Amino acid sequence: MMKTFTSAILLNFSLILAAQNMAQPASFDSNAKTFRLDGGDVSYVFGVNSRGELQQLYWGGRIAISDRFPQAQSLREWASFDDSYSNTPQEYAGWGAGLFNEPALKVTFADGNRDLVLHYDNHKITPHGFDIVLKDIKAAVFVTLHYSIDPETGILARSATIENREAQPITIEQAAAAAWALPAGHYTLNYLTGRWAGEWTLTQEPIHPGARIIESRRGSTGHQANPWFAIQSGDTSENHGDVWFGALAWSGSWRITVEQDQLEAVRITGGFNPFDFGYVLAPNQSLETPVFYGGYAAHGLGEASRILHHFEIAHVLPHRVGEGDTAAPKPRPVIYNSWEATEMNVTEEGQEVLAEKAAALGINRFVMDDGWFGQRKDDHAGLGDWYVNPQKFPHGLKPLIDKVHSLNMDFGLWVEPEMVNPDSDLYRAHPDWVLNFPGRPRTEQRNQLVLNLARPDVRAYVYGFLDKLLTENDIAFLKWDYNRNWSEPGWDQLPPAEQKKVYVEFTRNLYSILAELHAKHPKVELESCSGGGGRVDLGILQYADEVWPSDNTDPFDRLTQQDGFSYAYTPQVMMAWVTDSPHGINNRSVSLPYSMLSSMQGSLGIGANITKWSDEEMATAKRLIAAYHEVQPTIVQGNLYRLISPRNGSEFSATQTVNRDKSQSVVFAFIHSTQEGHKFPRLKLEGLDPAGNYALTPIEGKAERDTPTTASGAWWMNHGLDFSDEFRGDFQAAAFRLDKK
Ligand code: GLA
């Protein structure tokens, strides 16, 4: 009674708002039993169907507030083999009745029953969406689906809380955060794949009947696939066509299943990876899934990434409490990192020499990488022993930190908290602290084992040493590394049936440590690194200010990696160091300006052995760092346009960014290797104010002699920017800024 009354008020309220042309984000039509979310240029509609299931009705461009949907009708049976349960696009389907597609939830009850049929029970409207409760048709298993929509970007956040109110435990074998649906059609799937030093390959393929599984079974996000997808209607295009995209906020094992069903409709189901999964829920316990974000763009993959970038900056990344404000994250400091210069041979004196040179370049933050702790000489020993190595730093870290501060930089430090070398005091004292199956071999990777962070004592140790480190030293930043994946994921303190909880509790404890450290040390910033880009996802990005995309810092390889990265993640978090040439990965030599410009497309850092740099190299880097500082907010937080992709062996590539008020734009252009005298294509710029006047200033390189230095936005967008005839050769780079007069 109360529910209907509230809904009627809300419906009337929504009509009043409609009359005023002020849509509310969430509205419920109690007659048709439909739920509707509106935000940005997006509407999302679903309803309770004639059988009682929650069924998707629409996801796409914003529709008029006066548009109404009739009550959802479950789809008809095509044949006994293609039944209605599988044809109907449910919002969150239990495995039961006649469901043959990917279920969102699969459970086994204490009596052996495995049938779960979820029907609508009740709902409430929340500030930006709904909480909708589903219940099994018989058992007291409740699932609350959380929905919210971002009013600016139209990005939806969906997750589920599964609760057991039965008298006996149930085992969850599969739990998605959400399922998304698209009507029958011709689609292209985009996703990101890779390997160590080869992350961020944009993989594009037509969607065919059957399922494409994108996943990690590794205990963490993984280099091999990233929990992001974009599906384009028709063939893939940067600037045209409908795109539906999504990303999972989870840093443990995950799975996204993209399925074209028997009626050619598409469903995308994502959440915990069901492989080796099992979560026992005792009576009155509940399990919360990660969040699965989903968005829609009407103008191609380019717009989809720009929407996602803005959402990440505004709503995902940590907002550090600085001088009394919680405003959007600031552009990252330009850092120096010692890893490629010294590897683990760090000493107080050696780091101080590097710090002096770094300061002379205009660097803001000095980061000491691996090698400063325990008996760490190489990767065989030391992980787990987080005391300062007394031979390398006889007086602790303070003299180095003081020196760095005296040079006007802040100080950052490398840690790898979840790992242990068998050759360490920690492992000798606590051999039972690692993931393992008793009596079975413990597979080492990089000579290390994974601490079972799910254990309360391990969690306490990890939090404890980090808190101590940050309390005793003036540290502004941690580079948090994670250099292997799981093997033998046993947790033998728990009864066998419950051990698989490790997949959930490990990651939850990681997040809770990060949250607790953030609360106690609010100014300390964090980088998520996992041997490069092995742990980049919207889960870790709630705690990490930046990520390390790859251990491959070859500046030419980085162009393609950065291009791939940008489909899912904002350049704000994309750290890019300039390192020495020739670079070890390909033994390729390039000029310093080329390396600098490659890295300046993201958040710039220097990782070269700068003690060996000539005066000329120091001057070039200093000049370009200063130029970068002036335009960094536009590059890392503006609208990104991938003008020419470096993918697929392209001879050329170019990007452009425009700040939000369109007063500034930055263009980067690269030549891989000029062939047959091809001239760099005239670049038609995008996203400028057509009526504004923009002055062109080279950061590096030259424009054509007859290119005006000032012209309208319309001129730059319609006529375009011509490059000098001298812009030819191998591994050439140019950059320009345009400032509105
Ligand atoms: C990983 C990181 C590198 C470096 C090393 C240190 O490989 O990705 O940047 O920190 O560990 O061992």
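**Exercise 1. Which residues in α11 meet which residues in α12?**

Some ground rules come first. The model is predicted, so local features need pLDDT of at least 70 and side-chain atom pairs count only at pLDDT 80 or more, while totals for chains, interfaces and linings use all residues. Residues are numbered from 1 along each chain as its sequence is written, and side-chain values use heavy atoms, with hydrogens and water left out.

Step 1. Find the elements. Helices (H or I, at least four residues) and strands (E, at least two) are DSSP runs, numbered from the N terminus. α11 spans 592-599, and α12 covers residues 615-637.

Step 2. List the contacts, meaning heavy atoms within 4.5 Å. From α11 come Leu-592, Pro-593, Met-596 and Leu-597. They meet Glu-617, Thr-620, Ala-621, Leu-624 and Ile-625 of α12.

Step 3. Sort by class. Ala, Val, Leu, Ile, Met, Phe, Trp, Tyr, Cys and Pro count as nonpolar; Asp, Glu, Lys and Arg as charged; the others, Gly among them, as polar. The contact of α11 with α12 has seven nonpolar residues, one polar and one charged.

**Exercise 2. Describe how α11 and α12 are oriented, then how α5 packs on α12.**

Step 1. Pick the descriptors. Two packed helices are described by the angle between their axes and the distance between the axes. Axes are lines fitted to C-alpha atoms, for helices over the stretch in contact, and angles run from 0 to 180 degrees between N-to-C directions.

Step 2. Apply them to α11 and α12. Their axes come within 10 Å and cross at roughly 25°. That makes α11 roughly parallel to α12. The cut-offs are under 35 degrees for roughly parallel, over 145 for roughly antiparallel, 65 to 115 for roughly perpendicular, and oblique for the rest.

Step 3. Add the hand. A crossing is left-handed if the near helix is turned anticlockwise from the far one by less than a right angle, and right-handed if clockwise. α11 and α12 make a right-handed crossing.

Step 4. Turn to α5 (residues 348-361). α5 packs on α12 at an angle of about 55°, with the axes 8 Å apart. The two are therefore oblique to each other. Lys-357, Ala-360 and Leu-361 of α5 touch Met-618, Ala-621, Lys-622 and Ile-625 of α12. The classes are five nonpolar, no polar and two charged.

**Exercise 3. Analyse the voids of the model.**

Step 1. Set up the search. On a 1 Å grid over the protein atoms alone, a cavity is a set of points where a 1.4 Å probe fits but cannot get out, and a pocket is an open set with protein on both sides within 12 Å along at least five of seven lines; lining residues have an atom within 4 Å of a point. Grid points are joined across faces, edges and corners, and a volume is the space filled by probe spheres set on the points.

Step 2. Take the cavities. The whole structure holds 10 of 30 Å³ or more. The largest has a volume of about 190 Å³. Its lining counts 20 residues, with Gln-562, Asp-563, Gln-601, Leu-640 and Thr-655 nearest the centre. β32 gives the most to this lining, five residues. By class, the lining has 11 nonpolar, seven polar and two charged residues.

Step 3. Take the second largest pocket. This pocket contains about 330 Å³ of space. Of its 18 lining residues, Trp-196, Trp-339, Glu-343, Arg-446 and Asp-551 lie nearest the centre. The lining divides into seven nonpolar, three polar and eight charged.

**Exercise 4. Check the backbone at Arg-446 and Pro-582.**

Step 1. Recall the background. Most residues other than glycine have a negative phi, and most peptide bonds are trans.

Step 2. Check Arg-446. Its phi is near 50°, a positive value. Arg-446 sits in the loop between α7 (425-429) and β25 (449-450).

Step 3. Check Pro-582. A cis peptide bond joins Ser-581 to Pro-582, with omega about 0°. Pro-582 is in the loop between β29 (575-578) and α11.
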